[in-house]
Amino acid sequence: ETIEAEIWRLTPQELTRAGIPHDNDSSWFPARAAQRVTLDVKSAHNATRFSALRLRGEGERSGIYLVRLQSPQLPAPQGMNSRPNWRVLAQVTDLAVHAKLGPASGLAWVTSIGSGKPIGNAQVELYDGDATLIYSGVSDNDGLVKLPGLASRASRDSWVPTPAVLVLARRGDEFAVHDQQAVVVSFEVGL
């Protein structure tokens, strides 16, 4: 039994496309070639097994990776012409960005995962659900940056009270993401 993995290291621009739901489209993948890996996942029946999947390429220290997973042993569901695939967005970085977004204002906090200390002078960007840059600022010595409110972007037709937005923090060649939509949806449905 195997799992086939396709791995793309995303640029910040690609991340804005991959990390935000677009009309419920979770099938977006970069047009360029992916790194392909086949994992052997044979194990005893009903036994848990962990298989490592190396995301970083040679010389890469950090990155955000989009992974598509498929298993050739799984048949296509009834009514579908192809096997199901799983889409995973994984961060390998020392940066963390936390965000509190509201109708009148917001706040982002950039920290080091390793030390827990604030990261100053990080570029922080806020993107809407169409991957359009809404705001760009720089974190202060406490790792904080004020963000604009989202009241004008909220949809009155949606059951989700906060619009789909993505907060991206960058410092040097490292970047991290906070997907507000994923947080809100997880909270709303009790996950």
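This is a dialogue on reading a predicted model of a protein chain.

Colleague: Where do I start? How many helices and strands are there in the protein chain?

Modeller: Start with the secondary structure. The protein chain has two helices and 11 strands. Along the sequence the pattern reads β-α-β-β-β-β-β-β-β-β-β-β-α.

Colleague: Next, burial. What share of the residues in the protein chain is buried?

Modeller: Of 191 residues, 39% are buried. Look at the surface too. The accessible surface is about 11,500 Å², and carbon and sulfur atoms account for 50% of that surface.

Colleague: And contacts along the sequence? Among contacts between residues at least 6 apart, what percentage joins residues at least 24 apart?

Modeller: The figure is 58%. One pair to look at is Arg 87 and Phe 29. They are 58 residues apart along the chain, with C-alpha atoms separated by 9.2 Å. Arg 87 is in strand 4, residues 86-92. Its relative accessibility is 28%, so Arg 87 counts as partly exposed.

Colleague: Now the cores. Which residues touch the most other members of the largest nonpolar core?

Modeller: A core is read as a set of buried residues of certain types, joined through side-chain atoms. Here the largest one holds 17 residues. Those touching the most other members are Val 97, Leu 101, Ala 108, Val 110, Val 124, Leu 147 and Val 167.

Colleague: Which elements give two or more residues to this core?

Modeller: They are strand 5 (95-101), strand 6 (105-112), strand 7 (123-128), strand 9 (144-148) and strand 10 (165-171). Strand 5 gives the most, with four residues.

Colleague: Take one member. What does Val 110 touch, not counting residues up to four places away in sequence?

Modeller: Val 110 touches Leu 95, Ala 96 and Val 97, among others. Its list also includes Lys 117, Pro 118, Ile 119, Ala 122 and Val 124. Ser 139, Gly 143 and Ala 169 are on the list as well. Apart from this core lies another, of 14 residues, with Trp 8, Trp 28, Ile 64 and Leu 66 among them.

Colleague: On to charges. How many salt bridges does a search of the whole structure find?

Modeller: Six. For each, ask which elements the partners sit in, then check their burial. Arg 9 and Glu 60 form one, with the closest N and O atoms 3.7 Å apart. Arg 9 lies in strand 1 (residues 2-10), and Glu 60 in the loop between strand 2 (35-40) and strand 3 (63-70), so the pair ties together parts 51 residues apart in sequence.

Colleague: Are Arg 9 and Glu 60 buried or exposed?

Modeller: In between. Arg 9 is partly exposed, at a relative accessible area of 32%. Glu 60 is partly exposed too, at 28%.

Colleague: Which salt bridge has a buried partner in helix 1?

Modeller: Look at Glu 14 and Arg 32, whose side chains meet at 2.6 Å, N to O. Glu 14 is in helix 1 (residues 12-18) and Arg 32 in the loop between helix 1 and strand 2, so parts 18 residues apart in sequence are tied together. Glu 14 counts as buried, at 16% relative accessibility. Arg 32 counts as partly exposed, at 37%.

Colleague: What surrounds Glu 125?

Modeller: Begin with its salt bridge to Arg 170, where the closest N and O atoms are 2.9 Å apart. The pair links strand 7 and strand 10, 45 residues apart. Why call Glu 125 buried? The cut-off is under 20% relative accessible area. Glu 125 has 8% relative accessibility, so it counts as buried. Arg 170 has 23%, so it counts as partly exposed. A polar contact of 2.7 Å also joins the side chains of Glu 125 and Tyr 127. Beyond four places in sequence, Glu 125 touches residues including Leu 133, Tyr 135, Ser 136 and Leu 166.

Colleague: Which residues are linked in a network of salt bridges?

Modeller: Glu 6, Arg 36 and Arg 68. Glu 6 lies in strand 1. At 11% relative accessibility, Glu 6 counts as buried. Now read the distances. The side chains of Glu 6 and Arg 36 are joined by a polar contact of 3.0 Å. The side chain of Glu 6 also makes one with that of Arg 68, at 2.7 Å. Leaving aside neighbours within four places, Glu 6 is in contact with Ala 34, Gln 35, Arg 36, Leu 66, Val 67 and Arg 68.

Technical notes:
Residues numbered from 1 in each chain as written. Predicted model: local features only at pLDDT ≥ 70, side-chain atom pairs only at ≥ 80, totals over all residues. Heavy atoms only, no water. Core = buried A, V, L, I, M, F, W, Y, C linked by side-chain atoms within 4.5 Å. Buried < 20%, exposed > 50% of the residue type's maximum accessible area, 1.4 Å probe, protein only. Contact = heavy atoms within 4.5 Å. Salt bridge = Lys/Arg side-chain N within 4 Å of Asp/Glu carboxyl O. Polar contact = N/O pair within 3.5 Å; in protein donor to acceptor, adjacent residues only side chain to side chain. Areas by Shrake-Rupley, 256 points an atom, 1.4 Å probe, with all protein chains shown as cover.
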